[in-house]
Amino acid sequence: MRPALIVFQKDPMTESFAITKFSDLANPTRFLALTARILPWMAGITALLFVIGLYLSFTTEGDYQQGDTVRIMYVHVPAAWLSMMCYTVMAISAIGTLVWRHPLADVSHKAAAPLGAAFTLIALVTGSLWGKPMWGTWWVWDARLTSVFVLFLMYLGLIALNRALDDPSRAARVSAVLILVGFVNIPIIKFSVDWWNTLHQPASVVRLDGPTIDAEFLWPLLVMAVAFTLLFFTLHVAAMRNEIWRRRVTAQRRMAARMAGKEE
Amino acid sequence: MINLLLRDLKLSVRAGGGALIGVLFFLTVVAVIPFGVGPDLNLLSRIGPAILWIGALLSALLGLDRLFQTDREDGSLDLMLMQEHPLALTVLVKCLAHWIATGLPLVIASPLLGLFMNMNEVAIGAVMLTLLAGTPAITFIGAVGAAVAVALPRGGLLVSILVLPLAIPVLIFGVSASYAAVEEPAPFMPPFLILVALTMFFAVLGPVGAALALKNAGD
């Protein structure tokens, strides 16, 4: 009867990497195996979408009032959306850190913070470049600009906090608390243009009575938005993978140091 | 809880006059402004409420990183973590004590500084009232930063950087309420009520967040 038992035993090499449930992603090794498989695809699709999006951005007609400067929108708006989505992703990861004590969630929000800062910076800089010809000034202290600027400061503060703490899991828990407290800012950014009368125009794509923006501009914008979103996820997954590897290398170095200490 | 309040009050008064340093810093910040913008009394009275608010905000931040640090150093923080009361409640009481020791003196000092700024009686009263309603919110937000700072080997400045962005809404509505009291068309009540609402909102969020951070910061 002995050989029959062996049949039921799963082959550890193939079975351990198979992902059947979402919770299987919790295992960093499985996560790494998955990322190794899907990262090239994600990067490829992102590049393809950027080619299409940029082609559309430069071939569609300019606005009858704004002329060619309207093309700034195709970078500015997706970057601004992403800056908010990134914080939302971080807040969800922060819940994962605090509730389930999930090491992958720690890695996730740590890896997302620099990306969020980068996208926010892109949104601010392109907005500033767009504001100069349209509003006649680089910067105004209106509600949306100010709240996005505050978001940028919060990203930088979180990066600084993560760097100030040596122990990664403690840094993750402490910054998770701060991320959740700072999440108050996201609705303020989203609705700032509706609550206050400001120079920045109100939402024109995502609204109840349909987009007020012409289809000519909507298509490149949507393609670019999808491309930016995929870019974010590609970079995020890659950054998470790097962070996991970095932690493994640190752990192995520590072990090596301990072994070396024992041998002497 | 009352005992904790009294203990914290006594400690903050006796330990080198923390409250006095806050007020002194407030005085200094406000006194520096006329050197920067020039002694034009009209201009000073126009920007006065904003200057007082910014000064109060900065001086409220000054002592915040010590809120839990001293307790950690003498070990009483561990006792607080172990007791049966919900930790958020303890944090709330500590915030109140901290506010009475450092925030309230700022509110009391503000009319004097308002006179320096050539503000009229209505404006001084409005600033005092808004500071009274708004500075607790700064303390509650700061409690989260202070709790985070407990885990840091060298907290200090980082706390201010983390806390200031969150305190901006309080500043906005505090200043706009003070201006609304002076300038005719804008009504005083809406921004003031939003300020009160912000304080109450942070009175819940601050202690809960700080308690969470304290629990997680301990090893």
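Trainee: What share of the 264 residues of chain A counts as buried, and what makes a residue buried?

Mentor: The share is 29%. A residue is buried if 20 or more other C-beta atoms, placed from the backbone, lie within 10 Å of its own. This is a predicted model: local features need pLDDT of at least 70, side-chain atom pairs count only at pLDDT 80 or more, and totals for chains, interfaces and linings use all residues. Residues are numbered from 1 along each chain as its sequence is written, and chains are lettered from A in the order in which they are written.

Trainee: How many helices and strands does chain A have?

Mentor: Chain A has 9 helices and 0 strands. Both are DSSP runs, helices (H or I) of at least four residues and strands (E) of at least two.

Trainee: What makes residues of chain B count as in contact with chain A?

Mentor: Their C-beta atoms, placed from the backbone, must lie within 7 Å. By that test, 16 residues of chain B are in contact with 16 residues of chain A. On the chain B side, α7 (121-151), α8 (157-182) and α9 (189-217) each give two or more residues.

Trainee: Why is the largest core called nonpolar?

Mentor: Because a nonpolar core is a set of buried Ala, Val, Leu, Ile, Met, Phe, Trp, Tyr and Cys residues joined through C-beta atoms within 7 Å. The largest has 115 residues; A:Leu178 and B:Val144 are among those with the most contacts inside it. The largest share, 18 residues, comes from α7(B).

Trainee: Which residues is A:Leu178 in contact with, leaving aside neighbours within four places in sequence?

Mentor: A:Leu158 and A:Leu161, plus B:Val144, B:Val148 and B:Leu162.

Definitions and conventions. Two residues are in contact if their C-beta atoms, placed from the backbone, lie within 7 Å. A residue is buried if 20 or more other C-beta atoms lie within 10 Å of its own, exposed if 12 or fewer, and partly exposed in between; C-beta atoms are placed from the backbone.
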